[in-house]
Amino acid sequence: MKQKKGHDSRKGIKRRIVFLKSLILLILTISLFYITQAAFSVMDEEQKFRKQEILLEQEHQRKIVLESDLQKLDDPEYVRQYAREKFHYTSEDEILFRLPKEEVLDEKTTENQ
């Protein structure tokens with residue numbers, strides 16, 4: 001009987017050890033899952049942050065271009081040239097001839113050959 005009692009206590013200890021190992025493994029698995037989720041969340045936020053930085057840099061470059069254009073508008077010669085190109089403005093002694101775009105392209109290809 002003593003052997004049976006000792007044998008039962010060994011089984012109980014082994015069961016407790018297996019249970020504790022399983023519990024520790026479960027805790028580690030759950031912890032790893034949450035750590036992985038947090039890492040993916042951080043990477044997602046970093047990616048969003050980088051996109052925002054790129055957009056900010058693009059807007060900054062656009063602002064620089066617009067400020068440059070604004071400064072150019074202070075120059076009367078630039079305004080005159082811009083009006084001539086954009087709105088086909090002419091002086092009193094000039095005549096404006098409009099050519100279809102297709103003819104202009106045909107002339108350019110003919111000249112290149």
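A salt bridge is a side-chain nitrogen of Lys or Arg within 4 Å of a carboxyl oxygen of Asp or Glu. With that rule in hand, the tour can begin. The structure on the screen is a predicted model, and by this rule it holds 7 salt bridges.

**Stop 1: the whole chain**

Display the entire protein chain as a cartoon. The chain contains 3 helices and 0 strands, and from the N terminus its elements run α-α-α. Now show the surface. The accessible surface of the protein chain comes to about 11,700 Å², and 60% of this belongs to carbon and sulfur atoms. How many of the 113 residues count as buried? The share is 1%.

Next, colour the chain by pLDDT. The mean over the protein chain is 86, and 84% of the residues reach 70 or more. Which element has the lowest mean pLDDT, and which the highest? Helix 3, residues 101-112, has the lowest with 59, whereas helix 1 has the highest with 92. Where pLDDT is low, the predicted coordinates should not be read in detail. The remaining stops concern other parts of the chain.

**Stop 2: a salt bridge in helix 2**

Select Glu 77 and Arg 80 and show their side chains. These two residues form a salt bridge in which the closest N and O atoms are 2.7 Å apart. Why can such a pair meet? Side chains of opposite charge can pair when their charged atoms come close. Glu 77 and Arg 80 are 3 residues apart in helix 2 (residues 76-87), so about one helical turn separates them. An α-helix has 3.6 residues a turn, so residues three or four places apart point the same way. Glu 77 is partly exposed at 45% relative accessible area, and Arg 80 is also partly exposed, at 44%.

Elsewhere in the chain, select Asp 44, Glu 45 and Lys 48. Salt bridges that share partners join these residues into one network.

**Stop 3: two salt bridges in helix 1**

Move to helix 1, which covers residues 2-72, and select Glu 46 with Arg 50. Their salt bridge has its closest N and O atoms 3.6 Å apart. The two residues lie 4 places apart in the helix, and therefore about one helical turn from each other. Arg 50 is partly exposed, with a relative accessible area of 47%, and Glu 46 is partly exposed at 39%.

Continue along helix 1 to Lys 63 and Glu 67. Here the side chains meet in a salt bridge with an N to O distance of 3.9 Å. Being 4 residues apart in helix 1, Lys 63 and Glu 67 are likewise separated by about one helical turn. Lys 63 has a relative accessible area of 48% and is partly exposed; Glu 67, at 41%, is partly exposed as well.

**Stop 4: a nonpolar patch**

Select Phe 19, Leu 20, Leu 23, Leu 26, Ile 27, Ile 30, Phe 33 and Tyr 34, and show them as a surface. Together they form a nonpolar patch with about 840 Å² of accessible area. One member to examine is Ile 30, which lies in helix 1 and is partly exposed at 40% relative accessibility.

**Stop 5: aromatic rings**

A search of the whole structure finds 3 aromatic pairs. Two members of the patch, Phe 33 and Tyr 34, make one of them: their ring centres are 5.5 Å apart and their planes meet at 70°, so the pair is edge-to-face. Is Tyr 34 buried or exposed? Tyr 34 counts as exposed at 56% relative accessibility, while Phe 33, at 47%, counts as partly exposed.

Now select Tyr 82 and Phe 87. This pair is edge-to-face too, at 6.3 Å centre to centre and with 80° between the planes. Tyr 82 is partly exposed at 37%, and Phe 87 is exposed at 58%. Add Tyr 78 to the selection: ring pairs link Tyr 78, Tyr 82 and Phe 87 into a cluster.

**Stop 6: the length and end of helix 2**

Finally, return to helix 2 and pick its two end C-alpha atoms. What span should the 12 residues of the helix have at 1.5 Å a residue? The expected value is 16 Å, and the end C-alpha atoms are 16 Å apart, which agrees. The tour ends at His 88, just after helix 2, where the residue takes a positive phi of about 55°.

Key:
Residues numbered from 1 in each chain as written. Heavy atoms only, no water. Buried < 20%, exposed > 50% of the residue type's maximum accessible area, 1.4 Å probe, protein only. Patch = residues over 30% accessible without salt bridge, like charges linked within 9 Å, V, L, I, M, F, W, Y side chains within 5 Å. Areas by Shrake-Rupley, 256 points an atom, 1.4 Å probe, with all protein chains shown as cover. pLDDT = per-residue confidence, 0-100. Phe/Tyr/Trp six-rings, centres within 6.5 Å; stacked < 30°, edge-to-face > 60°. Expected span 1.5 Å × (residues − 1).
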